[in-house]
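Thank you all for making the time this morning. I would like to walk you through one chain, and I will try to keep to what can be read from the coordinates.

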Amino acid sequence: MMMESRHRRFMAEINVIPLVDVVLVLLVIFMITAPMLYRGIDIKLPSSASNTIKPEVRMVLTIEKDQKLYLDKDPISVAQLERRLRSAKEQNADVSVFLRADRDVPYGTVVQVMDGVKKAGIEKMGMVTEPTTSERVAEEPTKVGEQKR
């Protein structure tokens, strides 16, 4: 019996499997309980005849590479654009338009669409872009009369 205890060696490695099991169980518990943590206090809010906060209507105008135009997800022509935007402006005067255009769309097409938005009377217009990455879009432009070195 003495021999058996001498040949037994201690294991110096951490058993990771029970640790992973516990962490996964805790993750599931937190995922289930997190949405229930902030519930707020139940109160009865008073009503008001004049609501000062109006919901903002946002429309997305998309120009694809082949110059197809979409208002939200509906295909639309440039001729129909101004009419549809005017009717949206009549329904809600605080409408805003976000313009998404492919980088290969000709500049004239983008200006034509922006002109249609302005003619419809919509003042709030934003242009949707992607954040820059490490990739360079183009070389640095050179000034007129200056040569690259």
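Let me begin with a single loop residue, Gln 67, which counts as partly exposed because its relative accessible area is 41%. Please keep in mind from the outset that what you are looking at is a predicted model. Gln 67 sits in the loop between β1 and β2, and its phi is near 70°, which is a positive value in a residue other than glycine. As a general matter, most residues other than glycine have a negative phi. A second case is Asp 72, in the loop between β2 and β3, where phi is near 60° and again positive in a residue other than glycine. With a relative accessibility of 38%, Asp 72 is likewise classed as partly exposed.

Now let me step back to the chain as a whole. There are four helices and five strands, and from the N terminus on the elements follow the order α-α-β-β-β-α-β-α-β. Of the 149 residues in the chain, 17% are buried, and the accessible surface comes to about 13,800 Å², with 58% of that belonging to carbon and sulfur atoms. If we take the contacts with a separation of 6 or more, 64% of them are between residues 24 or more positions apart.

Next, the sheet. How are the five strands ordered in the open sheet? The order is β3-β2-β1-β4-β5, and the pairing is mixed. The edge strands are β3, residues 74–76, and β5, residues 124–127, each of which pairs on one side only. On average, and ignoring direction, neighbouring strands of this sheet are turned by 25° against each other. Within the sheet, β1, residues 58–63, and β4, residues 96–101, run parallel and are joined by six bridges, and Leu 61 stands opposite Leu 99 in β4. Helix α3, residues 78–91, packs on the sheet, where it touches β1, β2, β3 and β4, and its direction makes about 120° with that of β3.

Let me stay with β4 for a moment, since Ser 96 is found in that strand. Is Ser 96 buried or exposed? Its relative accessibility is 4%, and because buried means under 20%, Ser 96 counts as buried. Leaving out residues up to four places away in sequence, Ser 96 touches Glu 56, Val 57, Arg 58, Met 59 and Lys 124.

That leads to the interior. The largest nonpolar core has 18 residues, and those that touch the most other members are Leu 61, Ile 63, Leu 69, Leu 81, Leu 85 and Val 113. At least two residues of this core come from each of β1, β2, α3, β4 and α4, the last of these being residues 107–119. Ile 63 is a useful one to select on your screens: setting aside its neighbours within four places in sequence, its contacts include Leu 69, Leu 99, Val 105, Val 110 and Val 113, and also Lys 68, Arg 100 and Asp 102.

Finally, the charged pairs. In general, side chains of opposite charge can pair when their charged atoms come close. The count of salt bridges here comes to six, and I will describe three of them.

One joins the side chains of Lys 65 and Asp 104, at 3.6 Å from N to O. This pair links distant parts of the chain, with Lys 65 in the loop between β1 and β2 and Asp 104 in the loop between β4 and α4, 39 residues apart. Lys 65 counts as exposed, at 56% relative accessibility, whereas Asp 104, at 45%, counts as partly exposed.

Another is formed by Asp 74 and Arg 84, whose closest N and O atoms are 3.6 Å apart. Here too distant parts of the chain are linked, namely strand β3 through Asp 74 and helix α3 through Arg 84, ten residues apart. Asp 74 is partly exposed, with a relative accessible area of 40%, and Arg 84 is partly exposed at 33%.

The remaining one on my list is between Glu 82 and Arg 86, with the closest N and O atoms 2.7 Å apart. Both residues lie in helix α3, four residues apart, or about one turn of the helix. Glu 82 counts as partly exposed at 25% relative accessibility, and Arg 86 is partly exposed with a relative accessible area of 38%.

Conventions: Residues are numbered from 1 along each chain as its sequence is written. This is a predicted model: local features need pLDDT of at least 70, side-chain atom pairs count only at pLDDT 80 or more; totals for chains, interfaces and linings use all residues. Side-chain values use heavy atoms; hydrogens and water are left out. Two strands pair if DSSP finds at least two bridges between them. Axes are lines fitted to C-alpha atoms, for helices over the stretch in contact, and angles run from 0 to 180 degrees between N-to-C directions. Contact means heavy atoms within 4.5 Å. Buried means under 20% relative accessible area, exposed over 50%, partly exposed in between (1.4 Å probe, protein chains only). A nonpolar core is a set of buried Ala, Val, Leu, Ile, Met, Phe, Trp, Tyr and Cys residues joined through side-chain atoms within 4.5 Å. Accessible areas come from the Shrake-Rupley method with a 1.4 Å probe; for residues, only the protein chains shown count as cover. A salt bridge is a side-chain nitrogen of Lys or Arg within 4 Å of a carboxyl oxygen of Asp or Glu.
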